[in-house]
Amino acid sequence: MPRKTLIKRADWAIAWDGATSQHVYQRGIDVAFTEDRILYVGPDFTGTADQIFDGRDLMVMPGLVDVHSHLGHEPAYRGIREEHGVPSMYMTGLYERSQAFDTTDPGLRCAATEVALCELLKSGVTSICDITAPYEGWTETIARSGIRGFLAPGFASARWRLENGHSLGFAWDEAGGRRGLDTALALIDSLPAHPSGRLSGVVSPMQIENCTDDLLRDSRAAALERGIPFTLHLSQGVLELQEMTRRHGVTSIRHATDLGILGPGTILGHAIFLDTHSWIRGWTRDDLRLLAESGCAVAHCPTPFARYGQILESFGAYMRAGITMALGTDTSPHNMLEEIRKAGTFSRIAARDITDVSTGMLFHAATVGGASALLRDDLGRLAVGARADIVLVDLKQPDMMPARDPLRSLVFHAADRAVRDVFVAGRQVVANGHVTDLDHRAAAERLTEAQARMMALCPSRDYRGRTVDVLTPLSLPLRG
């Protein structure tokens with residue numbers, strides 16, 4: 001018989017109201033689940049259970065769904081990335097950093113992935129889409145964590161190449177892009193048979209400017225054939241928009257529309273720089289409408305762009321246009337609760353309007369929005385029949401108190417500090433704030449050693465031969 005767990009008389013719950021398609025609060029209810037599905041959400045459960053949690057002083061909520069991350073390298077940039085940008089490249093440090101630092105070492109990637117997974121689980125994430133070039137140990141590291149993994153093995157026809165600090169070049173290898181697609185599909189097709197039962201695939205050409213049109217079309221066709229998501233970095237930078245305009249005379253979103261690669265199941269990484277964005281001020285006003293009409297989803301990751309001084313100028317405008325909005329992390333730390341808070345704060349600042357977005361809208365994006373983007377209607381909701389991916393929040397954690405509105409207390413005040421227990425597929429993967437299947441400290445120690453190796457190679461890779469201390473100086477002078 002499947003093991004059954006009961007959360008008895010939860011003080012608060014964020015439940016799913018199917019009739020109105022929205023999250024709602026409920027109080028004093030029971031939640032029962034097995035390793036597979038939620039069995040009961042309501043008062044006075046009368047069945048038996050193998051494990052019972054006293055729900056007093058707890059809030060039960062659905063696990064968060066993170067649709068855009070790069071687990072295998074972002075934690076390696078800790079102390080490097082936070083204030084690294086290039087003003088002559090419209091503030092972004094992405095291109096310079098990608099060339100100067102080698103993150104292909106499998107040891108670095110496995111350690112970084114473990115660190116990121118611990119951060120995700122402790123912030124209530126139960127489903128993660130990880131976009132990366134495949135590496136040895138990737139699949140098993142994610143499976144071992146207990147999280148629900150959507151693996152997106154990345155590939156491209158070109159990589160960025162810098163020869164100066166103001167223009168973006170490309171090193172093309174179209175045959176390599178084709179081999180990358182074949183390798184990705186072979187991995188993706190193997191995932192449904194993985195013994196964990198929690199892994200599936202996402203087709204992921206890396207960036208629109210780094211892929212040929214044929215590779216993009218064939219990648220989208222492969223995703224449609226398999227009935228799985230398709231994700232692509234698009235409209236993530238001013239230099240990208242300039243390059244696409246140079247090649248095609250239109251914005252990235254218009255070109256993607258013309259290629260036929262947008263639609264339900266397409267997740268666009270970022271889609272910040274629309275033709276109406278103040279940094280672009282294009283001659284058209286079509287991009288938002290094209291996104292909405294296509295039925296695609298947008299993965300919004302506020303932190304990495306805010307560090308450059310860039311911002312999505314109205315989260316609410318995207319949602320009101322009918323675009324499926326989801327959230328991702330895309331940087332270190334991988335803390336989804338912090339991303340929810342930042343997404344709301346930054347959008348209100350950019351829109352100059354406190355009503356531009358609400359906490360409820362953002363929580364929807366972090367749960368049901370992400371699930372919809374990943375073509376899964378069984379995730380991101382506390383409802384009978386949904387997957388048993390569940391988070392317990394400690395209402396007596398001091399940063400949560402007073403918990404007059406516990407979701408606001410969680411997002412604006414306590415964040416991951418109040419996440420007590422996390423279940424994925426009915427199995428406990430965080431207990432009393434500690435990840436059960438990964439050693440966070442040991443992974444961080446390995447990552448520290450790997451980062452030192454990565455930094456030592458920096459002068460041999462940087463186009464000007466700079467050391468890491470020149471490329472991204474310490475925040476304070478170092479005295480002997």
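These exercises walk through a few residues of a predicted model, each with a worked solution.

Residues are numbered from 1 along each chain as its sequence is written. In this predicted model, local features need pLDDT of at least 70 and side-chain atom pairs count only at pLDDT 80 or more, while totals for chains, interfaces and linings use all residues; side-chain values use heavy atoms, with hydrogens and water left out.

**Exercise 1. Place Gln451 and list what Gln451 touches.**

Step 1. Find the element. Gln451 belongs to helix α14, residues 440-456. Helices are DSSP runs of H or I with at least four residues, strands are runs of E with at least two, and both are numbered from the N terminus.

Step 2. Check the burial. Gln451 has a relative accessible area of 17%, so Gln451 is buried. Buried means under 20% relative accessible area, exposed means over 50%, and partly exposed lies in between (1.4 Å probe, protein chains only).

Step 3. List the contacts (heavy atoms within 4.5 Å). Not counting residues up to four places away in sequence, Gln451 touches Ala76, Tyr77, Arg78, Ile80 and Leu108.

**Exercise 2. Describe the surroundings of Leu438.**

Step 1. Leu438 sits in the loop between β20 (434-435) and α14.

Step 2. Its relative accessibility is 8%, so Leu438 counts as buried.

Step 3. Leaving aside neighbours within four places in sequence, Leu438 contacts Glu114, Leu117, Cys118, Arg144 and Ser145.

Step 4. Take Ser145 from that list. Leu438 and Ser145 are 293 residues apart along the chain, yet 6.1 Å separates their C-alpha atoms.

**Exercise 3. Compare the settings of two salt bridges, Arg81 with Glu74 and Asp214 with Arg217.**

Step 1. Recall the principle. Side chains of opposite charge can pair when their charged atoms come close. The rule here asks for a side-chain nitrogen of Lys or Arg within 4 Å of a carboxyl oxygen of Asp or Glu. By this rule the count is 33 salt bridges.

Step 2. Take Arg81 and Glu74. Their closest N and O atoms are 2.6 Å apart. Arg81 is buried at 7% relative accessible area. Glu74 is buried too, at 4%.

Step 3. Take Asp214 and Arg217. Here the closest N and O atoms are 2.7 Å apart. Asp214 is partly exposed at 46%, and Arg217 is partly exposed at 36%.

Step 4. Look at the sequence spacing. Asp214 and Arg217 are three residues apart in helix α5 (residues 213-226), so about one helical turn separates them.

**Exercise 4. Which residues are linked with Arg376 in a network of salt bridges?**

Step 1. Start with one pair. Arg376 forms a salt bridge with Asp378, with 2.8 Å between the closest N and O atoms.

Step 2. Check the acid. Asp378 counts as buried, at 9% relative accessibility.

Step 3. Widen the view. The network links Asp36, Arg37, Arg376, Asp378 and Arg387.

**Exercise 5. How many disulfides does a search of the whole structure find?**

Step 1. State the bond. A disulfide is a covalent bond between the sulfur atoms of two cysteines. The cut-off is a pair of cysteine sulfur atoms within 2.5 Å.

Step 2. Give the result. The search finds zero disulfides.

Step 3. Test one cysteine. The closest cysteine sulfur to that of Cys129 is in Cys301, 10 Å away, which is too far for a bond. Cys129 is buried, at 0% relative accessible area.
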